[in-house]
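Trainee: I would like to go through some of the terms used for this structure. Please set each value against its definition.

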Amino acid sequence: MAERPQRRKLLKAAPESDQNDASDRLSALSDCVLLLILSRLDTKEAAVTSILSTRWRHLFLSLPQITLQFSPNDDVSHRERLFSIFTPFANRVLRHRNNAPINKIRLSVTHSVESFRPGFQSLLCSAAAALATYRVENISVFVELDKTTEPFRVSVPRGMFSSDTLVGLHLSLRVRWSVPELVSLPNLKYLHLVSFRLGDEDSVPRFLRGCPSLENLVLILRELDEGESEEGGGVETLRVSSPSLKCVMLFWEEEVESDFNVFVRSESLESLFCSLQGRHKVTVDAPNLKSLSLVGHVLEVDIIQSLVSIDEAVIKAGFLFQVADVDDLILRAGHAFTFFSGLQHVKSLSLSENIMKALYFSPPVMPTFRNLVKLKLTPVYCHYFPRNWILQVLFKLFESSPNVELLSLSEVGSMNSSWWNIF
């Protein structure tokens, strides 16, 4: 009890700077520790710490990861005012740093309207400037239009596609933009283009030529809007070719009404996933392919080189989509059989009834699947296609697969009882 007054005297006699140091031990930590703490916050929250003291004023400008999100609520009355506040703050964060490198930039704008275009354009320019200045390794830009807004055009700066340090690029832009004539991303390994419109048939090849180290490509294509038909309506082909590609994922957001050609070529490609909607003709030249997945609709699939290394195939694509007549039916069934025969080295095979319906009308001799050990079937019951026809194809497949060890039937509850006559 006697020590307390003495302690108060010592604290009162101590210099003011010493008292501040004693009460603000957090600020005494090293920059790397403080940045680790700030990294747990989003960029806006981290910026608020600048008011704590001069020690913290510019610290958030050294964060290695920048996350800038503009996501207003449903109240539209204040969106433009809030965006006019967000834009200069985001530009400052991207342009005025403490010469610290940036590992990752994530820029997200939702409920975007055309009046946002000048501000958003400035954000893209700031992001491109950051790429050139701060040795950015990953950048992700996401734009979602307000449901009341038609897609408008933005000019993505060329600097966004020219960087010696960029490893990952993710662009999810539901606005109109075009790939520049010159792309130079020598160290890019991961490229994700979401809601991408083919402005011309050289759009994707032009991009890939500038990415000699690319290993992973995710491409989600959207159909042309009516207002864009004159600009890009002549595109009928997608070409994906790169010697370094290991994984390719292709998606179509909407159904393709006319015939569309897809060419995929890569000596090093190991995994290919295609989710197709509409009249697609797919050509694959990838002799080292190990995993193949086809989902949706397809007219024809051509395998240029034998898939001797393939381990897994998931075939849930329908070859009988929009059949015109009997001759067309036989032609499509022949294409399905030729493609199916190219999978005879596969070890794990997953099939839906869509491919099995086409195989029923194909040549009666089934190829031999000597390496097949795992078979999975996904029934899709429909009244117009007799169940015993599917069973005939299934029996032929069993006879041609002497080494199957595991049979898996999904959606058992919805299957017709005739399935169980197999056993």
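Trainee: What makes strand β6 (residues 216-221) and strand β8 (residues 247-252) a pair?

Mentor: Two strands pair if DSSP finds at least two bridges between them. Here 6 bridges join β6 to β8, and the strands run parallel, so the definition of a pair is met. In this pairing L217 stands opposite V248 in β8. The model is predicted, so local features need pLDDT of at least 70 and side-chain atom pairs 80 or more, while totals for chains, interfaces and linings use all residues. Residues are numbered from 1 along each chain as its sequence is written, and side-chain values use heavy atoms, without hydrogens and water.

Trainee: Which strand does β8 join by 5 bridges?

Mentor: Strand β10 (residues 271-276), also running parallel to β8. The bridge partner of L250 is C274 in β10.

Trainee: Why is Q322 called partly exposed?

Mentor: Its relative accessible area is 41%. Buried means under 20%, exposed over 50%, and partly exposed in between, with a 1.4 Å probe and protein chains only. Q322 therefore counts as partly exposed. Q322 lies in the loop between β14 (312-318) and α9 (326-341).

Trainee: Why is α9 called roughly perpendicular to α10?

Mentor: α9 and helix α10 (residues 353-360) pack at an angle of about 110 degrees, with their axes 8 Å apart. Angles under 35 degrees count as roughly parallel, over 145 as roughly antiparallel, 65 to 115 as roughly perpendicular and the rest as oblique. That is why α9 is roughly perpendicular to α10.

Note on methods: Helix = DSSP H or I, 4+ residues; strand = E, 2+ residues; numbered from the N terminus. Axes fitted to C-alpha atoms, helices over the stretch in contact; angles between N-to-C directions.
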